[in-house]
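Please walk me through the fold of this protein, beginning with its overall plan and then moving through the sheet, the helices packed around it and a few individual residues.

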Amino acid sequence: GTGNGLGLATVYGILKQAGGHISVYSEIGRGTPFNFYLPRTADAAGRTEMPIASTPSRGKPGGDERILLVEDNGELREATGGLLAAYGYQVTAVESGEAALEVIDRGTPIDLVVSDVVMPGLSGKDVLDRIRERRADLPVLFISGYTDNVIFRHGLLAGELDFLEKPFAAARLTAKVREILDRPGKTSSAPTTQSSAR
């Protein structure tokens, strides 16, 4: 009664991306084991990921632009905001689409919005529509741990907009942010919308 269900959806997404699968068995009074299966890789040894809060080394993409981060998960909001700040960006982090629109309506200078897709209240698509009414030139990068099917049902197609699937390495996020900010006009592609009614 306290969670929002994102955890298992994220785990499922990670496993599918890696070519693995998950099995579940439940028995009354004995519990529910989840078994995760991942393919063996020949080059797994020696791989490293950049820590989320590390300071960027020389040559890593960074900047001083102003980023509005919209993420309802507190831990992810703190980690992602900390990462972007470590790369020099000025980050305003909020927990909802409504709060994001309040920041924009106050006239706070923003160069890029990084937003989750599936959130309570206004979804990422709702936020994008309302941002477009206020600032048509403001680019938006969507991030989500849900599968493509869920993204489709929320009126967004990952291939039609700037999108990163969670979990992502620090280098992927910072490179994508820099790519968007360096575009001529800095305008995010308008997404294709789909009706979720079935």
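The paragraphs below go from the whole chain to the sheet, then to the helices, and end with single residues.

The model is a predicted one. The protein contains six helices and seven strands, and, read from the N terminus, its elements follow the order α-β-β-β-α-β-α-β-α-β-α-β-α. Of the 198 residues in the protein, 37% are buried. When contacts with a separation of 6 or more are considered, 64% of them are made by residues 24 or more positions apart.

The sheet is a good place to begin. Five strands form an open sheet in the order 4-3-5-6-7, and their pairing is parallel. Strand 4 and strand 7, the latter covering residues 163–165, are the edge strands, each of them pairing on one side only. From one strand to the next, the twist averages 20°. As a general matter, strands of a sheet pair through backbone hydrogen bonds, in either a parallel or an antiparallel manner.

Two of the pairings can be followed in detail. Strand 5 (residues 112–116) and strand 6 (residues 140–144) run parallel and are joined by four bridges, and within this pair Val113 has Val140 of strand 6 as its bridge partner. Helix 4 packs on the sheet, where it touches strand 5 and strand 6, and its direction makes about 175° with that of strand 6. Helix 6 (residues 170–181) also packs on the sheet, in contact with strand 3, strand 5, strand 6 and strand 7, and the angle between its direction and that of strand 7 is about 175°. The other pairing is that of strand 3 with strand 4, which run parallel and are joined by five bridges; here Ile67 is matched with Val91 in strand 4 as its bridge partner. Strand 3 is mostly covered, given that four of its five residues are buried.

The helices also pack against one another. Two packed helices are described by the angle between their axes and by the distance between the axes. The axes of helix 3 (residues 97–105) and helix 4 (residues 124–134) come within 10 Å and cross at roughly 10°, and because of this crossing angle helix 3 is roughly parallel to helix 4. On the side of helix 3, Gly97, Leu101, Ile104 and Asp105 take part, and they meet Val127, Arg130, Ile131 and Arg134 of helix 4. Sorted by class, this contact of helix 3 with helix 4 has four nonpolar, one polar and three charged residues.

Helix 3 has further surroundings to consider. Its residues Gly97, Ala99, Ala100, Leu101, Val103 and Ile104 are buried, and what covers the buried residues of helix 3 includes strand 3 (66–70), strand 4 (90–94) and helix 4. After helix 3 comes Gly107, which has a positive phi near 85°.

A second helix pair is set at another angle: helix 2 (residues 74–86) and helix 6 pack at about 65°, with their axes 11 Å apart, and their crossing is right-handed. In this contact Thr80, Leu83 and Leu84 of helix 2 meet Ala170, Leu173 and Val177 of helix 6. The residues of the contact of helix 2 with helix 6 divide into five nonpolar, one polar and no charged.

Three individual residues complete the tour. Which residues does Leu141 touch, leaving aside those up to four places away in sequence? Leu141 lies in strand 6 and is buried, with a relative accessible area of 0%. It touches Leu112, Val113, Val114, Ser115, Asp162, Phe163, Leu164, Leu173, Lys176, Val177 and Ile180. For Leu141 and Val113, which are 28 residues apart in sequence, the C-alpha to C-alpha distance is 6.2 Å.

Asp162, one of the residues that Leu141 touches, is placed in the loop between helix 5 (148–153) and strand 7. Asp162 counts as buried because its relative accessible area of 4% is under 20%. Its C-alpha atom is 8.7 Å from that of Ile143, from which it is 19 residues apart in sequence.

Ala85, finally, belongs to helix 2. Is this residue buried or partly exposed? Ala85 is partly exposed, since its relative accessible area is 41%, a value in between the limits of 20% and 50%. The C-alpha atoms of Ala85 and Arg66, which are 19 residues apart along the chain, are separated by 9.8 Å.

Definitions and conventions: Residues are numbered from 1 along each chain as its sequence is written. This is a predicted model: local features need pLDDT of at least 70, side-chain atom pairs count only at pLDDT 80 or more; totals for chains, interfaces and linings use all residues. Side-chain values use heavy atoms; hydrogens and water are left out. Axes are lines fitted to C-alpha atoms, for helices over the stretch in contact, and angles run from 0 to 180 degrees between N-to-C directions. Helices (H or I, at least four residues) and strands (E, at least two) are DSSP runs, numbered from the N terminus. Angles under 35 degrees count as roughly parallel, over 145 as roughly antiparallel, 65 to 115 as roughly perpendicular and the rest as oblique. Contact means heavy atoms within 4.5 Å. Ala, Val, Leu, Ile, Met, Phe, Trp, Tyr, Cys and Pro count as nonpolar, Asp, Glu, Lys and Arg as charged, and the others, Gly among them, as polar. Buried means under 20% relative accessible area, exposed over 50%, partly exposed in between (1.4 Å probe, protein chains only). Two strands pair if DSSP finds at least two bridges between them. A crossing is left-handed if the near helix is turned anticlockwise from the far one by less than a right angle, and right-handed if clockwise.
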